[in-house]
Structure formats: structure tokens, C-alpha cells
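Thanks for passing this one along. Here are my notes, in numbered points, to read alongside the coordinates.

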Amino acid sequence: MNKNPYDYLRHDFLGDADPIDARASWRITEAKDETITVLTALTPEGMWCYGYHVYWRNGRTSAEKPCASRGLFTSQREARLHAIGFFLTFAPYFTPSSCQDLRAAEKKLAQSSFFED
């Protein structure tokens with residue numbers, strides 16, 4: 001398995017972490033047969049964390065509520081980039097269309113950093 005290229009954005013959380021309710025969701029894929037959604041939440045400490053919902057083409061579902069156990073991030077953008085990097089480590093399991101959508105989302109987020117203050 002490949003390493004997440006956005007691990008450098010993650011602040012490790014060493015305590016116990018309970019899942020929290022998502023504040024925002026972002027559906028990355030456009031296809032109807034397989035969907036990838038990133039869920040983000042702001043922790044009480046003011047950091048961001050993420051979770052996900054994946055509806056696989058075979059009818060199965062993978063879902064995790066946002067949780068600090070996957071790391072804490074200084075911005076929602078960083079949490080989303082890390083989530084995309086996480087998904088890309090499993091690229092062989094996604095449809096080609098989903099992989100293209102993941103790469104497009106990654107590019108969009110990476111480019112957005114050039115326009116932020």
C-alpha cells in the first residue's frame with residue numbers, strides 16, 4: 001500500500017478520541033454506481049478532523065464518523081487533502097471513474113492554496 005502524501009499535514013492525536021458529528025460533507029465522485037464523500041468536523045480544540053462514506057459499486061458501504069484518531073488538521077482544506085490521500089492509497093479498489101474524480105478533487109484543493117491568504 002502506498003503512503004499518504006499528505007501525512008505531513010496531520011497533527012497526531014495521542015489521547016482517546018470519540019467520533020463527532022460532521023459539520024460538512026463533500027461528495028467527491030460524480031458516478032451513481034460508486035460514491036465517495038468526505039465528512040469534516042471542527043473539534044472543541046479548534047482543529048479539524050474527517051470521516052467518510054463510501055458506497056462501493058458492489059453494494060457495500062464503508063463509513064466512519066469524523067474522529068481525531070485519523071489526525072487533527074489546522075484547516076478543513078488540509079483535512080480534506082489528507083482524506084483524498086487516504087482514499088488514493090486504496091485506488092486499485094475504486095472504479096477508474098472514482099479515481100479520476102479523486103485526482104480532480106486533489107488538484108482543485110491543491111490549487112486553492114495559491115489563492116488563500
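**Notes on the sheet, the helix and the aromatic rings**

1. Let me begin with the sheet. Four strands make up an open sheet with antiparallel pairing, in the order S1-S2-S3-S4. Strand S1 (24–27) and strand S4 (61–67) are the edge strands, each pairing on one side only. On average, neighbouring strands of this sheet are turned by 20 degrees against each other, direction ignored. Please keep in mind that this is a predicted model.

2. Next, the S2 and S3 pairing. Strand S2 (residues 35–42) pairs with strand S3 (residues 48–55) over eight bridges, in the antiparallel sense. Two places to check the register are Leu39, which stands opposite Gly51 in S3, and Thr40, which stands opposite Tyr50 in S3. The two strands form a hairpin with five residues between them. In its turn, Gly46 has a positive phi of about 90 degrees.

3. On the other side of the register question are S3 and S4. These strands run antiparallel and are joined by five bridges. Val54 has Ser62 in S4 as its bridge partner, while Tyr50 has Cys67 in S4. This hairpin has five residues between the strands, and Gly59 in it takes a positive phi near 95 degrees. If you inspect backbone torsions, Gly46 and Gly59 are two to look up.

4. How many of the eight residues of S3 are buried? Six are, and the strand is mostly covered. Helix H1 (residues 76–88) lies across S1, S2 and S3, and runs at about 40 degrees to S3.

5. Tyr50 deserves a point of its own. Besides facing Thr40 of S2 across the strands and having Cys67 of S4 as bridge partner, Tyr50 has the charged end of Arg70 over its ring. That charged end is 5.6 Å from the ring centre.

6. Now the aromatic rings. A pair of aromatic rings is described by the distance of the centres and the angle of the planes. With a cut-off of 6.5 Å between centres, the count comes to eight aromatic pairs. Why is the pair of Phe86 and Phe87 called tilted? Their planes stand at 55 degrees, with the centres 5.7 Å apart, so the pair falls in that class, because stacked needs an angle under 30 degrees and edge-to-face one over 60.

7. Are Phe86 and Phe87 buried or exposed? Phe87 is buried, with a relative accessible area of 2%. Phe86 counts as partly exposed because its relative accessibility is 25%, and the buried class ends at 20%.

8. Phe90 and Tyr93 give another tilted pair, 6.4 Å centre to centre and with 45 degrees between the planes. Here Phe90 is partly exposed at 27% relative accessibility, whereas Tyr93 is exposed at 60%.

9. Finally, which residues form the aromatic cluster? Tyr52, Trp56, Phe86, Phe87, Phe90, Tyr93 and Phe94 form one cluster. Its members include the buried Phe87 and the exposed Tyr93.

Definitions and conventions:
Residues numbered from 1 in each chain as written. Predicted model: local features only at pLDDT ≥ 70, side-chain atom pairs only at ≥ 80, totals over all residues. Heavy atoms only, no water. Phe/Tyr/Trp six-rings, centres within 6.5 Å; stacked < 30°, edge-to-face > 60°. Buried < 20%, exposed > 50% of the residue type's maximum accessible area, 1.4 Å probe, protein only. Lys NZ or Arg CZ within 6 Å of the ring centre and 35° of its normal. Pairing = 2+ DSSP bridges. Axes fitted to C-alpha atoms, helices over the stretch in contact; angles between N-to-C directions. Contact = heavy atoms within 4.5 Å.
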